[in-house]
Number of protein chains: 2
Amino acid sequence: MEDKYSFAKKLIKEAADFIKNKMSESLAIQVKSKHDDLVTNVDQETQDFLISSILKHYPNDYILAEEGEVHHSISDGNVWVIDPIDGTVNFVVQKNHFAIMIAYYEEGIGRFGLIYDVMNDLLLSGGGSFDVYLNEQKIEPYRHKPLDRSLIGCNAGLYLNNDYGVTHLISHSLGVRIYGGAGISMLKVMTQELIAYISYIQPWDYAAALVIGQKLGYKIQTFEGRAPDFQRRQKLMFFPESEWKYFESYLDI
Amino acid sequence: MEDKYSFAKKLIKEAADFIKNKMSESLAIQVKSKHDDLVTNVDQETQDFLISSILKHYPNDYILAEEGEVHHSISDGNVWVIDPIDGTVNFVVQKNHFAIMIAYYEEGIGRFGLIYDVMNDLLLSGGGSFDVYLNEQKIEPYRHKPLDRSLIGCNAGLYLNNDYGVTHLISHSLGVRIYGGAGISMLKVMTQELIAYISYIQPWDYAAALVIGQKLGYKIQTFEGRAPDFQRRQKLMFFPESEWKYFESYLDI
C-alpha cells in the first residue's frame with residue numbers, strides 16, 4: 001500500500017504539470033448538462049493521462065472517473081476514483097481554484113485519498129492507514145469550534161433554495177462561502193477554514209474527502225443520514241461527526 | 001506624489017508584518033452591529049499603526065478609517081482612506097483571505113489605491129497617474145468577456161434576497177462566488193477572475209478599488225446609477241463600465 005500511495009502522490013503532481021502546460025493553449029470548451037456545467041479538452045486529456053499511468057503500473061485495477069463512461073463499481077476489486085479537474089468553471093474562468101482528486105478503494109474500503117489545489121500548490125493527502133498531511137504539515141483531527149465562530153461552504157443552488165434547511169443552519173454560523181469546487185471546499189473543511197461543506201455532488205467529487213476525512217473525524221452523508229451511494233449525484237453534507245446532533249437541530253430533516 | 005505612493009506601498013507591507021506577528025497571539029474578538037460583524041484588537045491596533053505612520057510623515061493629511069470615529073470628509077484636503085483588515089470574519093476563522101486597503105484622495109480625487117491580500121502576498125496597486133500592478137505584473141484594462149463565460153462575486157444577503165435583480169443577473173453568468181471580503185473580491189474583479197462584485201459596503205471597502213478600477217475601465221455605483229457617497233454603507237456594484245448597458249438589462253432597476 002505504501003508503494004501505491006507514493007505512486008499516487010507522484011502521479012497527482014505529474015498531472016498538475018500536465019494541466020499547467022496545457023493552460024497556455026486555448027481551451028476547447030463544451031457544455032454538458034446545462035450552461036454552467038462545462039468540460040474542456042484538458043479535463044479529458046488529464047483523465048486519459050491519469051488512467052493510462054495507473055493501468056500501466058497496476059493493470060488489474062479498475063477506474064471510476066468523471067469523464068466518459070469509466071464507471072467501475074466502488075465495491076468490486078481495487079478501484080481508483082479520479083476527478084481530473086474538479087471545479088472546471090473556475091479552471092476555465094479563473095485559471096485558479098480547481099483541484100485534482102484521486103482516491104483508492106479496495107472492495108469498497110477507502111485506503112487513501114488526495115486532493116491537490118493545483119495553482120496554490122496545496123496537497124492534502126492521507127486516510128486509511130496513512131496520517132493526513134497538507135504538504136509537509138501534519139493535519140490534526142477536528143477539534144470543536146462553536147458554530148457561531150465558523151463558516152460553512154455551500155453550493156449556490158442549495159443555499160438559494162434552503163434545501164433541507166441548510167440556509168437556516170448557515171444563518172447560525174458566521175456565514176456562507178461559495179468557492180465553486182468540491183475539492184477546494186472540502187480541503188478547507190479539513191484545514192478548518194470551513195466547518196462543513198454542503199453540495200449536490202458525484203462520487204469522484206467526494207471519494208477522496210471521504211477517506212481522508214474519516215481519519216480526522218469527518219463524515220459525509222445524505223440529509224436522510226445515509227452513506228453516499230457512489231453511483232449517482234446526491235445532495236450531501238461533509239461535516240465533523242461530533243457536531244451532527246447539534247447541526248441536525250437546525251436542519252429540516 | 002511618487003513619494004507618497006512609494007511610502008504607501010512600503011507601509012502596507014509593514015502593516016501586513018504587524019498583522020502576521022499578531023496572528024500567533026490569541027485574539028480579543030468583539031461583536032459590532034450583529035453576530036457576524038466582528039472586530040478584533042488586531043483591527044484596531046493595525047489601524048493605529050497605519051494612522052500614526054501616515055501622520056508622522058504627513059502631519060497635515062487627514063484620515064477616513066474603519067474603526068473608531070476617524071471619519072474625515074473625502075472631499076476636504078488630502079485624505080487617506082484605510083481599512084486595516086477587510087474581511088475580519090475570514091481573518092478570525094480562516095487566518096486567510098483578508099486584505100489591507102489604503103487609498104489616497106486629494107479634494108475628493110483618487111490619486112492611488114492599494115489592496116493587499118496579506119496571506120497570499122498579492123498586492124494590487126495603482127490608479128490616478130500610476131499604472132496598475134499585481135506585484136511585479138502590469139495589469140491590463142478590462143477586455144470584453146461574455147457574461148455566460150464569467151463569474152460574479154456577491155454578498156450573501158443581496159444574493160439570497162435578489163435585491164435589484166442581482167440573482168437574476170447572476171443566473172445569466174457561470175455562477176456566484178462568495179469569498180467574504182470586499183478587498184479580495186474586487187482584487188479578483190481587476191485580475192478578471194470575476195466580472196463584477198456586488199455588495200453592501202462602506203467607504204473604506206471601496207475607496208481603493210474605485211481609484212485603481214478607474215484606470216482599468218471599471219466603475220462603482222449604486223443601483224440608482226449614482227456614485228458612492230463616501231459617507232454611509234451602500235449597496236454597490238463594481239463592474240466594467242463598458243458592460244453596463246448589458247448588465248442593466250438583467251437588473252430590476
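In what order do the 5 strands of the open sheet in chain A stand? Keep that in mind while you set up the view; this is a predicted model, and the tour starts right at that sheet.

**Stop 1: the open sheet**

Colour the strands of chain A and read across: the order is S11-S10-S12-S14-S13, with mixed pairing. Now pick out strand S11 (176-177) and strand S13 (218-222), which stand at the edges. Each has a single partner strand, so one side of each is left without a neighbour in the sheet.

Next, select S12, residues 196-201 of chain A. Strand S12 is largely enclosed by the rest of the structure, because 5 of its 6 residues are buried. On one flank you'll find S10 (residues 152-154), which runs parallel to S12(A) and is joined to it by 3 bridges. To see that pairing up close, show A:Ile152, which stands opposite A:Ala196 in S12(A).

Then swing over to S14 (residues 234-240): here 5 bridges make the link to S12(A), and the two strands run antiparallel. Two pairs are handy to display. A:Ile198 has A:Met237 in S14(A) as its bridge partner, and A:Ile201 is matched with A:Gln234 in S14(A).

While you're there, switch on helix H6, residues 182-190 of chain A. Helix H6 packs on the sheet and touches S12, S13 and S14 of chain A. Look down S12(A) and compare directions: the helix makes about 155° with that strand.

**Stop 2: the annotated site**

Which residues does UniProt list for "binding site"? Select A:Glu66, A:Asp83, A:Ile85, A:Asp86 and A:Asp205, which come from an unreviewed entry. They are spread over 140 residues of sequence, yet they cluster in space, with a largest C-alpha distance of 9.9 Å.

Zoom in on A:Asp83, which sits in strand S4 (residues 78-86) of chain A. Its relative accessibility is 0%, so A:Asp83 counts as buried. Setting aside residues up to four places away in sequence, show what A:Asp83 touches: A:Glu66, A:Ala99, A:Ile100, A:Met101, A:Trp204 and A:Asp205. Two of those names, A:Glu66 and A:Asp205, are on the UniProt list as well.

Now move along to A:Asp86, also placed in strand S4 of chain A. Is A:Asp86 buried or exposed? At 5% relative accessibility, A:Asp86 counts as buried. Beyond its neighbours within four places in sequence, A:Asp86 contacts A:Phe98, A:Ala99, A:Met101, A:Gly181, A:Ala182, A:Gly183 and A:Asp205.

**Stop 3: helix H7**

A:Asp205 is your way into the next element, as one of the buried residues of H7(A). Select residues 203-214 of chain A and you have the whole helix, 12 residues in all. From first C-alpha to last, H7 of chain A reaches 16 Å, close to the 16 Å expected at 1.5 Å a residue. Turn on the surrounding surface: 11 of the 12 residues of H7(A) are buried, so the helix is largely enclosed by the rest of the structure. Among the buried ones are A:Pro203, A:Trp204, A:Tyr206, A:Leu210 and A:Val211.

Hop to chain B and select residues 203-214 there. H7(B) is mostly covered, with 11 of its 12 residues buried. The buried set includes B:Trp204, B:Asp205 and B:Ile212.

**Stop 4: two phi values worth a click**

Most residues other than glycine have a negative phi. Against that background, select A:His97, which is not a glycine but has a positive phi of about 65°. Look for A:His97 in the loop between helix H3 (88-94) and strand S5 (99-106) of chain A. With a relative accessible area of 14%, A:His97 is buried.

The other one is B:Phe230, again not a glycine, with a positive phi of about 55°. B:Phe230 lies in the loop between strand S13 (218-222) and strand S14 (234-240) of chain B. Its relative accessible area is 12%, so B:Phe230 is buried.

**Last stop: both chains together**

Zoom out and superpose the copies: a turn of 180° with a shift of 0.0 Å along the axis lays chain A on chain B with an RMSD of 0.0 Å. That is how a two-fold axis relates its copies. The same surface serves both chains, since 100% of the contact residues of chain A recur in chain B. To find the axis, centre on A:Ile178: of the residues of chain A, this one comes closest to the rotation axis, at 2.3 Å (C-alpha).

Definitions and conventions
Residues numbered from 1 in each chain as written. Chains lettered and ligands numbered in written order. Predicted model: local features only at pLDDT ≥ 70, side-chain atom pairs only at ≥ 80, totals over all residues. Heavy atoms only, no water. Least-squares fit on C-alpha atoms with pLDDT ≥ 70 in both. Contact = heavy atoms within 4.5 Å. UniProt positions renumbered as here; feature names shortened; annotations may be inferred. Helix = DSSP H or I, 4+ residues; strand = E, 2+ residues; numbered from the N terminus. Buried < 20%, exposed > 50% of the residue type's maximum accessible area, 1.4 Å probe, protein only. Expected span 1.5 Å × (residues − 1). Pairing = 2+ DSSP bridges. Axes fitted to C-alpha atoms, helices over the stretch in contact; angles between N-to-C directions.
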